[in-house]
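Biologist: Could you pull up the model so that we can talk it through?

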Amino acid sequence: MLIVADENIPLLDSFFGDIGEIRRVSGRTMSNADVRDADILLVRSVTRVNRELLESSRVRFVGTTTIGTDHVDLDWLEQAGIRFSAAPGCNANSVAEYVLSVLSLHAERRGLSDWSQLSVGIVGVGNVGGELAHKLERLGFDVRLCDPPRADREEGDQEFVALEEAMKCDVVSLHTPLTREGSHPTFHMIGQAELETLGANQLLINAGRGEVIDSSALLARLDQGNAPTFALDVWEQEPRIHPELVDRVWLATPHIAGYSLEGKVQGTEMIYQALSQFLGLPVRKKAGQFLPEPALSKISFTSSAQEEDAIRIALRACYDPRRDDARLRNVMTGSLEERGAAFDRLRRDYPVRRECSSLKIQLKGTSKSLQDSFRAIGFKLKI
Ligand SMILES: NC(=O)C1=CN([C@@H]2O[C@H](COP(=O)(O)OP(=O)(O)OC[C@H]3O[C@@H](n4cnc5c(N)ncnc54)[C@H](O)[C@@H]3O)[C@@H](O)[C@H]2O)C=CC1
Ligand SMILES: O=C(O)C(=O)[C@H](O)COP(=O)(O)O
């Protein structure tokens, strides 16, 4: 059995080595010729999976080790009788931790002594938005949830607000998929009219898909006085992103919000499980067995620790988006092609980043409230 896989999927040999022969190819340039003789195709978000790629191939199963599926023509796969599987939720916690770190930087920048004074509007309350809401609510933030498809289905007892309401929060965080059809399409959902409603003290975060914001409208908004602050992890036309936008936003990162090691390995594990089920093979491997010891395993705080400082230190020890921001800004030179290649390189060579659950926090004589905050974020505590 031949498995053609994006070379950037981690642990290909560990998970799939005994299922078939693995051919690694570049996900960005994968072509019909690369996959024609394959039985199984494993991709990430950078490969367009459609008729053009797969017609007259032997492929029977396609797996994407990602949450998003906007790169896959699901209708065509169904018509062609090709089984498809994605990895819902695999890196949701990683994205939620990215947002928490951004919030801690934003609160500090605004001189707030208590970050939970910020109200947060979450747009798209699925695996990512839901995980983020759960953490923020436990941390005492005022959270407003906007998810019209879920509101239409009148699910559970959660209360949803309209986009206009969510956009009134101090921070608006976008976590929708990219959709162009249906009752609530997200393509350019945030355009001129929505951007006009944001004021100078507000922060808009986009860690969903770049095309959810109209970049031309965003650039125009940045030209006006009273412009809000922006933290963008995703961009229109990746990898050939707009250098002026990078230059003008506060935090610019190369689509890595979901790039914790745990998130990536869970993505591979979920597709391994789906493929094993498809082939009728037993599931013997687990992501946990492949996670190495973290480089930083413990931090201690004593009773002298100030709550906000302690949270900032621990969060940023795990993940500080300013490092990714600096790396992206450093490569925004040269031609469009050169910048695009550099954007992809930053993602391919991404340093190991571990989630907060990998860091044990030792607390001596600290307050109950600090302990609760650390637990809410996802740290392991040793008291
Ligand atoms: N920056 C990154 O590294 C990552 C980005 N993503 C992106 O985040 C997206 C969301 O991920 P999940 O939460 O796991 O997906 P999900 O499918 O679990 O949830 C998405 C939610 O958005 C809602 N939604 C759809 N249209 C909407 C609209 N017009 N307005 C408001 N809400 C709407 C859906 O009803 C759903 O509840 C993915 O589709 C992917 O594009 C995911 C992982 C990593
Ligand atoms: O899971 C998703 O959806 C994402 O956006 C991934 O973090 C994207 O990672 P790549 O597949 O582009 O490496």
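Modeller: Let's begin with Leu296, which sits in the loop between helix H12 (261–279) and strand S12 (298–301); helices (H or I, at least four residues) and strands (E, at least two) are DSSP runs, numbered from the N terminus. This is a predicted model, where local features need pLDDT of at least 70 and side-chain atom pairs count only at pLDDT 80 or more, while totals for chains, interfaces and linings use all residues. Residues are numbered from 1 along each chain as written, chains are lettered from A and ligands numbered from 1 in written order, and side-chain values use heavy atoms, with hydrogens and water left out.

Biologist: Is Leu296 buried, partly exposed or exposed?

Modeller: Buried means under 20% relative accessible area, exposed over 50%, and partly exposed in between (1.4 Å probe, protein chains only). Leu296 has a relative accessible area of 39%, so the residue counts as partly exposed.

Biologist: Which residues is Leu296 in contact with, leaving aside its neighbours within four places in sequence?

Modeller: Contact means heavy atoms within 4.5 Å. With those neighbours set aside, the partners of Leu296 are Ala317, Ser358 and Leu359.

Biologist: Which residues does UniProt list for the dimerisation domain?

Modeller: The entry is unreviewed, and its label reads "domain: Erythronate-4-phosphate dehydrogenase dimerisation". UniProt positions are given in the numbering used here, feature names are shortened, and annotations may be inferred rather than shown by experiment. The chain there is 51% helix and 9% strand, with the end C-alpha atoms 21 Å apart. The listed range is 290–378.

Biologist: How far is a nitrogen atom of ligand 1 from the side chain of Asp233?

Modeller: Asp233 is among the closest of the 29 residues that surround ligand 1, where a residue is near if one of its heavy atoms lies within 4 Å. A polar contact is a pair of N or O atoms within 3.5 Å. Here a nitrogen atom of ligand 1 and an N or O atom in the Asp233 side chain are separated by 2.9 Å.

Biologist: And how much of ligand 1 does the protein bury?

Modeller: Accessible areas come from the Shrake-Rupley method with a 1.4 Å probe. Ligand 1 taken alone exposes 860 Å², and the buried part of that is 88%.

Biologist: What share of ligand 2 does the protein cover?

Modeller: A polar side-chain atom of Arg44 lies 2.5 Å from an oxygen atom of ligand 2, and the side chain of Arg209 has an N or O atom 2.9 Å from a ligand 2 oxygen. On its own, ligand 2 has 360 Å² of accessible area, and the protein covers 94%.

Methods:
A polar contact is a pair of N or O atoms within 3.5 Å; within protein, one must be able to donate a hydrogen and the other to accept it, and residues adjacent in sequence count only if both atoms are side-chain atoms.
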